[in-house]
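Thanks for coming. I will take a few minutes on one model, and the picture goes up now.

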Amino acid sequence: MDARREKTRALVFAAMFAALVCVATMVLTIPLPGNGFANLGDGVILVAAWTLGPVWGAAASGIGAGLADLLLGYGVYAPATLVIKALMAVVAVCAGKSILQRMPNRKWLCVAISAVLAECVMILGYFLFECILYGGAVALADIVGNEGQAAVGIVVGTLLTIMLQRLRKGNM
C-alpha cells in the first residue's frame, strides 16, 4: 500500500506542477525577437524538476509547457515543447545531482549551474526544431529571444528554489 500511496502522491504533485507550468507560461508573456516569448514557465519547470525528480519532473514540465503552447495558439510548437521542456527537467536534475556531489556546501550555485545547463538544452532544442521548420537563418535569429527566455528561467528558477529551501528549513 505504501508504494501505491507514493505513486499516487507523485502523480498528484506532477499534475499540480504541470498546471503551474502552464499557468506560469501563460500569465505573463513578453514577446521576444523572433517567434518566442519570455515567461515564468521555465522557472517553474526548473523547480518542478528539482522537486519531483527526472521522471515526474519531465512529465510535468513537458505536459504543462506543451499545453500552454496549445492554449496560446502556438500549436505547431507543442510537440517540440513537450520534448524540449521534458529534457530540460532531466538535465536540471541530473546535472544538479552531479554538481552537488562536487560542491555539497554550495547548493545555490549547483542550482544555478544546472539551470544554465537545462536552459542550454532549451536553446539548442528550439534552434534544431526551427531549423527544420523555418530554415537555419530564422532559427539563428530566434536564438536571441530564446536566450532572453533562458535568462528569465534561470533567475526565476534559482530564486524560487532558494526561497522554497529556506521555507522548508524555517529560515525565512
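Let me start with helix 5, residues 107-133. Its 27 residues, at 1.5 Å a residue, should span 39 Å, and the C-alpha atoms at its two ends are 39 Å apart, so the expected and the computed span agree. Before going on, please note that this is a predicted model. Just after helix 5 comes G135, which takes a positive phi of about 105°.

Next, the largest pocket. Its volume is about 310 Å³. Which residues are closest to its centre? Of the 17 that line this pocket, they are W50, T51, K107, V111 and Q165. Four elements give two or more residues to the lining: helix 2 (41-52), helix 4 (78-102), helix 5 and helix 6 (136-169). Which helix gives the most to the lining of the largest pocket? That is helix 2, with 5 residues. By residue type, the lining divides into 9 nonpolar, 5 polar and 3 charged.

Since helix 2 has come up, I will go through its packing, one partner at a time.

The first partner on my list is helix 3, residues 54-72. The axes of helix 2 and helix 3 come within 7 Å, and they cross at roughly 155°. An angle over 145 degrees counts as roughly antiparallel, so that is how helix 2 lies with respect to helix 3. The crossing of helix 2 past helix 3 is right-handed.

Then helix 4. Here the axes of helix 2 and helix 4 come within 8 Å and the crossing angle is roughly 50°. The two helices, 2 and 4, are therefore oblique to each other. This crossing, helix 2 with helix 4, is right-handed.

Last, back to helix 5. At what angle do helix 2 and helix 5 pack? The angle is about 120°, and their axes are 11 Å apart. Angles of 65 to 115 degrees would count as roughly perpendicular, so at about 120° helix 2 is oblique to helix 5. For helix 2 and helix 5 the crossing is right-handed.

To put the two parts together: helix 2 packs with helix 5 at about 120°, and both helix 2 and helix 5 are among the elements that give two or more residues to the pocket lining. That is what I have; questions, please.

Methods. Residues are numbered from 1 along each chain as its sequence is written. This is a predicted model: local features need pLDDT of at least 70, side-chain atom pairs count only at pLDDT 80 or more; totals for chains, interfaces and linings use all residues. Side-chain values use heavy atoms; hydrogens and water are left out. The expected span of a helix is 1.5 Å times one less than its number of residues. On a 1 Å grid over the protein atoms alone, a cavity is a set of points where a 1.4 Å probe fits but cannot get out, and a pocket is an open set with protein on both sides within 12 Å along at least five of seven lines; lining residues have an atom within 4 Å of a point. Grid points are joined across faces, edges and corners, and a volume is the space filled by probe spheres set on the points. Ala, Val, Leu, Ile, Met, Phe, Trp, Tyr, Cys and Pro count as nonpolar, Asp, Glu, Lys and Arg as charged, and the others, Gly among them, as polar. Axes are lines fitted to C-alpha atoms, for helices over the stretch in contact, and angles run from 0 to 180 degrees between N-to-C directions. Angles under 35 degrees count as roughly parallel, over 145 as roughly antiparallel, 65 to 115 as roughly perpendicular and the rest as oblique. A crossing is left-handed if the near helix is turned anticlockwise from the far one by less than a right angle, and right-handed if clockwise.
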